[in-house]
Amino acid sequence: MNGFWDKVISMEFGIALLGALVGGGFTILGSWLQTRSSNRAAELVQAKANAQRAFEALTQLKVHLEIQIFRGMGTKETRAAWNREREMLVTTANSTIMLLPDEHKDTRLHVQGLLQQIKTWYGLPPWPEYKLETGLLLTEALKVMSLFVRGSDAPARRNMAEIIQREIERDKRERAQREMESLEAEEEAQGLDQEDSERLNELYRFLGVGQSRPQLSTDDATGPS
């Protein structure tokens, strides 16, 4: 009988030990999963903090861009001042974007690609065109970063070269339209000299409005008496 009860006791101990090991295993697994989840949450918080710093630097650059007004090619000093500010803020943004982990590689590469397209300004193209192009690139980068910080899906990549070219052409036509209307109003009020008359014809041809005006003679170039 003793041998029988010894076996029973041994079986019960084995079952109890197995249960303890299994329970302990689940406890360890649960702790590991909880730690891993906490680490991932902390990494995401840090990634969003880096993205926020990049967003702030790019916002500062966009504000700085908007307040700049240069005539023609500007001066060597004003171009240098702009380019220093641009380089400092782009570098600041890029350095924080580079800290985004590989889990967010698509966002990191997307924004870095946009920043690489922001050029140094040497006086050409004209400032309005350069300003428009740079503003479009900054706006796109800010959109990507803001969606990331909010936890939204990343936007699809767009062909910025096509968008920039289209917007530049649209802006040129809008400015030409305003200039044409101004010259037409001036012509109606007091007439135009030869230079302005030729300019108005250029605008007609550029806009394709189908109008042309006769060239003024030297005597007529001073306008109506």
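Gln 112 is found in helix α3, and that is a handy place to start looking around this predicted model. Is Gln 112 buried or exposed? Its relative accessible area is 15%, so Gln 112 counts as buried, the cut-off being under 20%. Setting aside residues up to four places away in sequence, Gln 112 touches Asn 94, Ile 97 and Met 98.

Now step back to the whole chain. The secondary structure comes to 6 helices and 0 strands, so from the N terminus on you just read α-α-α-α-α-α. Of the 225 residues in the protein chain, 29% are buried. The chain exposes about 14,800 Å², with carbon and sulfur atoms supplying 56% of that area. If you take contacts between residues at least 6 apart in sequence, 65% of them join residues at least 24 apart.

On to the inside. The largest nonpolar core has 32 residues, and Leu 58, Trp 82, Ile 97, Val 111, Leu 115 and Trp 127 are the ones with the most contacts inside it. Five helices, α1 (2-67), α2 (76-97), α3 (105-116), α4 (127-150) and α5 (160-190), each supply at least two residues of this core. Which helix gives the most to this core? That would be α4, with 9 residues. Apart from this core lies another one, of 8 residues, including Met 180, Leu 192, Leu 200 and Leu 207.

Trp 82 deserves a closer look. Leaving out its neighbours within four places in sequence, Trp 82 is in contact with Leu 61, His 64, Leu 65, Gln 68, Phe 70, Trp 121, Trp 127 and Tyr 130. Trp 127 turns up on that contact list, and both Trp 82 and Trp 127 are among the core residues with the most contacts inside it.

Met 88 has its place in helix α2. Its relative accessibility is 44%, so Met 88 counts as partly exposed. The C-alpha atoms of Met 88 and Ala 57 are separated by 9.2 Å, with the two residues 31 apart along the chain.

Next, the helix pairs. Here are the two crossings that involve α4:

| Helix pair | Axes come within | Crossing angle | Handedness |
|---|---|---|---|
| α3 and α4 | 9 Å | roughly 165° | left-handed |
| α4 and α5 | 10 Å | roughly 140° | right-handed |

How do those angles translate? With angles over 145 degrees counted as roughly antiparallel, α3 and α4 are therefore roughly antiparallel to each other. The roughly 140° between α4 and α5 makes α4 oblique to α5.

The residues at each meeting point can be named, too. In the first pair, Thr 107, His 110, Val 111, Leu 114 and Leu 115 of α3 meet Leu 137, Glu 140, Ala 141, Val 144, Met 145 and Phe 148 of α4. In the second, α4 brings Glu 129, Leu 132, Glu 133, Leu 136, Leu 137 and Glu 140, and these meet Met 160, Ile 163, Ile 164, Glu 167, Ile 168, Asp 171 and Lys 172 of α5. Leu 137 and Glu 140 appear in both sets.

One last stop is the loop between α3 and α4, where Pro 125 lies. What kind of peptide bond joins Leu 124 and Pro 125? A cis one, with omega at about 0°.

Notes
Residues are numbered from 1 along each chain as its sequence is written. This is a predicted model: local features need pLDDT of at least 70, side-chain atom pairs count only at pLDDT 80 or more; totals for chains, interfaces and linings use all residues. Side-chain values use heavy atoms; hydrogens and water are left out. A nonpolar core is a set of buried Ala, Val, Leu, Ile, Met, Phe, Trp, Tyr and Cys residues joined through side-chain atoms within 4.5 Å. Buried means under 20% relative accessible area, exposed over 50%, partly exposed in between (1.4 Å probe, protein chains only). Helices (H or I, at least four residues) and strands (E, at least two) are DSSP runs, numbered from the N terminus. Contact means heavy atoms within 4.5 Å. Accessible areas come from the Shrake-Rupley method with a 1.4 Å probe; for residues, only the protein chains shown count as cover. Axes are lines fitted to C-alpha atoms, for helices over the stretch in contact, and angles run from 0 to 180 degrees between N-to-C directions. Angles under 35 degrees count as roughly parallel, over 145 as roughly antiparallel, 65 to 115 as roughly perpendicular and the rest as oblique. A crossing is left-handed if the near helix is turned anticlockwise from the far one by less than a right angle, and right-handed if clockwise.
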